[in-house]
Amino acid sequence: MHLHAAEKIWLRAGVIMLGCFMAIITVLALVDGVVPPSSGTTIDPNLVSKTPPFDHPGLHRIGDHEYEAYYVAQVFSFTPSEMHLPVHSRVVFYVTSPDVVHGFSVPKTGINVMVIPGWVSSVRYTFHQPGTYLLLCNEYCGASHHLMSGKIIVE
Ligand code: CUA
């Protein structure tokens, strides 16, 4: 097959660029200690149901209008599936997964994190508006991904 000289130059440039990108990704992953976004701590995904506080997921009051919410995301539900909060609650959500990658997203808020097995993802939010907030998985996680949802009721 005959290739024009300009095509050969562009092919070589493409291969060199691919090599550079692979090298950068490898260096960042292995040397620079890159971790998933929003993830602070690690957890054994096989022991989520036995690891406090994820052995009893739910809402923990830590102060005046201050809460910590522990969630387990698994195929195809969130535990707890429903959470009640007083209005003006400041909440730090901690979410982990024992199986596959999920999403933890509450539309129209800033809550949107990827939940990766082996990691605890966290996000904080203050609920100033009462109402029923939909909690959604926005990472495709299997055949019933579209059914994976929950509710946060602020009253
Ligand atoms: Cu969990 Cu999609």
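Where is the place of Val-87? In this predicted model, Val-87 sits in the loop between β5 and β6.

Val-87 has a relative accessible area of 22% and is therefore partly exposed, since the buried class ends at 20%. Apart from neighbours within four places in sequence, Val-87 is in contact with His-65, Phe-127, His-128, Gln-129, Pro-130, Val-154 and Glu-155. For one of these residues, Glu-155, a C-alpha distance is also available: the C-alpha atoms of Val-87 and Glu-155 are separated by 5.5 Å, although the two residues are 68 residues apart along the chain.

The loop between β5 and β6 (89-96) also holds His-88. His-88 is not a glycine, yet its phi is positive, at about 70°. Most residues other than glycine have a negative phi, and most peptide bonds are trans. Lys-108, in the loop between β7 (102-105) and β8 (112-115), likewise is not a glycine and has a positive phi of about 70°. The accessibility of these two residues can be read against the limits of the classes: exposed means over 50%. His-88, at 41% relative accessibility, therefore counts as partly exposed, whereas Lys-108, with a relative accessible area of 86%, is exposed.

The relative accessible areas given for single residues are as follows.

| Residue | Relative accessible area | Class |
|---|---|---|
| Val-87 | 22% | partly exposed |
| His-88 | 41% | partly exposed |
| Leu-18 | 55% | exposed |
| Lys-108 | 86% | exposed |

Cis peptide bonds are the next topic. One joins Pro-52 and Pro-53, with omega about 0°. Pro-53 belongs to the loop between β1 (39-42) and β2 (58-63). Another cis bond runs from Thr-79 to Pro-80, with omega near 0°. Pro-80 is found in the loop between β4 (77-79) and β5 (82-85).

At the level of the whole chain, the protein is divided into domain 1, residues 1-35, and domain 2, residues 41-154. The C-alpha centres of domain 1 and domain 2 lie 38 Å apart.

Which residues form a nonpolar patch on the surface? Met-17, Leu-18, Phe-21, Ile-24 and Leu-28 do, and together they have about 490 Å² of accessible area. One of them, Leu-18, is placed in helix α1, residues 5-30. Leu-18 counts as exposed because its relative accessibility is 55%, and the limit for that class is over 50%. Membership of a patch requires over 30% relative accessible area, so Leu-18 at 55% meets this condition.

Definitions and conventions:
Residues numbered from 1 in each chain as written. Predicted model: local features only at pLDDT ≥ 70, side-chain atom pairs only at ≥ 80, totals over all residues. Heavy atoms only, no water. Domains from an automatic or database assignment. Helix = DSSP H or I, 4+ residues; strand = E, 2+ residues; numbered from the N terminus. Buried < 20%, exposed > 50% of the residue type's maximum accessible area, 1.4 Å probe, protein only. Patch = residues over 30% accessible without salt bridge, like charges linked within 9 Å, V, L, I, M, F, W, Y side chains within 5 Å. Areas by Shrake-Rupley, 256 points an atom, 1.4 Å probe, with all protein chains shown as cover. Salt bridge = Lys/Arg side-chain N within 4 Å of Asp/Glu carboxyl O. Contact = heavy atoms within 4.5 Å.
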